[in-house]
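Q: I would like a close look at a single part of this model, followed outward into its surroundings. Please take it step by step and keep the account connected.

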Amino acid sequence: MNARCYTQDELLICNLARELRDHETIGVGNNSPVPAAAALLAQALHAPNATVYILGQPDWPFEGTHEFFNLMQRGGIDVFFLSGAQIDSYGNINLHVIGNYSAPKVRLPGGAGSAVVYFMCKRIFLFKTDHNVKGFPEKLDFVTSTASSEPYVNRNNQLEGVFTPLGIMRPSAQEGGRLQLSYTAPGIEPRYVQTQTGFELGITSVPIPETAEPTAEELEQLRGAVNLQLKRIYPEFARSALGK
């Protein structure tokens, strides 16, 4: 990867933005500058009719978060982004504890509505700004929210994939939804991604493609108009990650 042209954050933002569609209603939660930038970038480039709700935006149109979650439970949010301290091989997430729940090594902030989000939003994108074995174990220390349920459980969602600086993992229909490596970041070898992941990624002899590098247009919008918008919500991130 040529760090002189773009950063890992910018690549991750562009990869997420390309997945978003025109006319979708896109929700972004708290402390999520990367998906916030992705939603704004998509709106600037190829999804001008998308509706974007970013928690913390100055013109947040809801009374707190209660009305927002009501809209979500009525099926009014098409896309949402989630992350976790741990993400397992099926896309389940842990936002509660590292270690034993009764005596954890680290106690985390908690679910913050992620259980509802994972069930009610039509398209879910998981993301992490780092990629290592600790963050991607075979088994979670605690299950905050699940990617799938028994057939009789009503849920409206589809996990689209897990996006990291090293690539994209998507659920495999042949493996019951187990994550497999679909793309690597430019210049990253699939076997390297496997060494940084605590579960098998289904890598075979079939070549795994690389994601496209950010285009000049994407970077221009990201570092320009999107950066200006993001400064209203995440000024520190905008300055440090997009302040070219």
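How many bridges join β8 to β9, and in which sense do the two strands run?

A: This is a predicted model, and what follows should be read with that in mind. Five bridges join β8 to β9, and the two strands run parallel. Within this pairing, Phe127 of β8 has Phe163 of β9 as its bridge partner. Strand β8, which spans residues 123-127, is also joined to strand β3 (residues 79-82), in this case by four bridges and again in a parallel arrangement. Here the bridge partner of Phe81 is Phe125 of β8.

The burial of β8 can be taken next. Five of the five residues of this strand are buried, so β8 is largely enclosed by the rest of the structure. In a regular strand the side chains alternate between the two faces of the sheet. For β8, Arg123, Phe125 and Phe127 lie on one side and Ile124 and Leu126 on the other, and with all of them buried both faces of the strand are covered.

The wider sheet gives β8 its setting. It is an open sheet of seven strands with mixed pairing, and its order is β2-β1-β3-β8-β9-β10-β11. At its edges stand β2 (51-54) and β11 (179-184), and because each has a single partner strand, one side of each is left without a neighbour in the sheet. From one strand to the next, the twist averages 25 degrees. Beyond the parallel pairing of β8 with β9, strand β9 (residues 158-164) pairs with strand β10 (residues 167-171) in the antiparallel sense, over three bridges. Thr164 belongs to this part of the sheet, and its bridge partner in β10 is Gly167.

The connection between β8 and β9 holds a residue that can be examined on its own, since Asn157 is placed in the loop between these two strands. With a relative accessibility of 15%, Asn157 counts as buried, because buried means under 20%. A polar atom of the Asn157 side chain lies 3.1 Å from the backbone oxygen of Tyr118. If its neighbours within four places in sequence are left aside, Asn157 is in contact with Tyr118, Phe119, Cys121, Lys122, Ile124 and Ala147. Ile124 in this list is one of the buried residues of β8, which ties the surroundings of the loop residue back to the strand itself.

Another buried loop residue is found beyond edge strand β2, where Phe62 sits in the loop between β2 and α3 (66-73). Phe62 has a relative accessibility of 14% and therefore counts as buried. Apart from its neighbours within four places in sequence, Phe62 is in contact with Tyr53, Glu67, Phe68 and Leu71.

Two exposed loop residues can be set beside these buried ones. Asn31 lies in the loop between β1 (25-28) and α2 (33-45), and its phi is near 55 degrees, a positive value in a residue other than glycine. The relative accessible area of Asn31 is 63%, which makes this residue exposed. Ala112, placed in the loop between β7 (106-107) and α4 (114-120), likewise has a positive phi, of about 50 degrees, although it is not a glycine. At 75% relative accessibility, Ala112 counts as exposed.

Turning finally from the strands to the helices, helix α1 (residues 8-17) packs with helix α7 (residues 235-242) at an angle of about 110 degrees, their axes being 9 Å apart. That angle makes α1 roughly perpendicular to α7. The residues that make this contact are Asp9, Glu10 and Ile13 of α1 together with Phe237, Ala241 and Leu242 of α7. By class, the contact of α1 with α7 comprises four nonpolar and two charged residues, with no polar ones. Helix α1 also packs with helix α6 (residues 216-230), at an angle of about 110 degrees and with the axes 11 Å apart. These two helices, α1 and α6, are therefore roughly perpendicular to each other. On the α1 side the contact is made by Glu10, Ile13 and Cys14, and on the α6 side by Glu218, Leu219, Leu222 and Arg223. The contact of α1 with α6 divides into four nonpolar, no polar and three charged residues. Glu10 and Ile13 of α1 thus appear in the contact with α7 and in the contact with α6.

Terms used:
Residues are numbered from 1 along each chain as its sequence is written. This is a predicted model: local features need pLDDT of at least 70, side-chain atom pairs count only at pLDDT 80 or more; totals for chains, interfaces and linings use all residues. Side-chain values use heavy atoms; hydrogens and water are left out. Axes are lines fitted to C-alpha atoms, for helices over the stretch in contact, and angles run from 0 to 180 degrees between N-to-C directions. Angles under 35 degrees count as roughly parallel, over 145 as roughly antiparallel, 65 to 115 as roughly perpendicular and the rest as oblique. Contact means heavy atoms within 4.5 Å. Ala, Val, Leu, Ile, Met, Phe, Trp, Tyr, Cys and Pro count as nonpolar, Asp, Glu, Lys and Arg as charged, and the others, Gly among them, as polar. Two strands pair if DSSP finds at least two bridges between them. Buried means under 20% relative accessible area, exposed over 50%, partly exposed in between (1.4 Å probe, protein chains only). A polar contact is a pair of N or O atoms within 3.5 Å; within protein, one must be able to donate a hydrogen and the other to accept it, and residues adjacent in sequence count only if both atoms are side-chain atoms.
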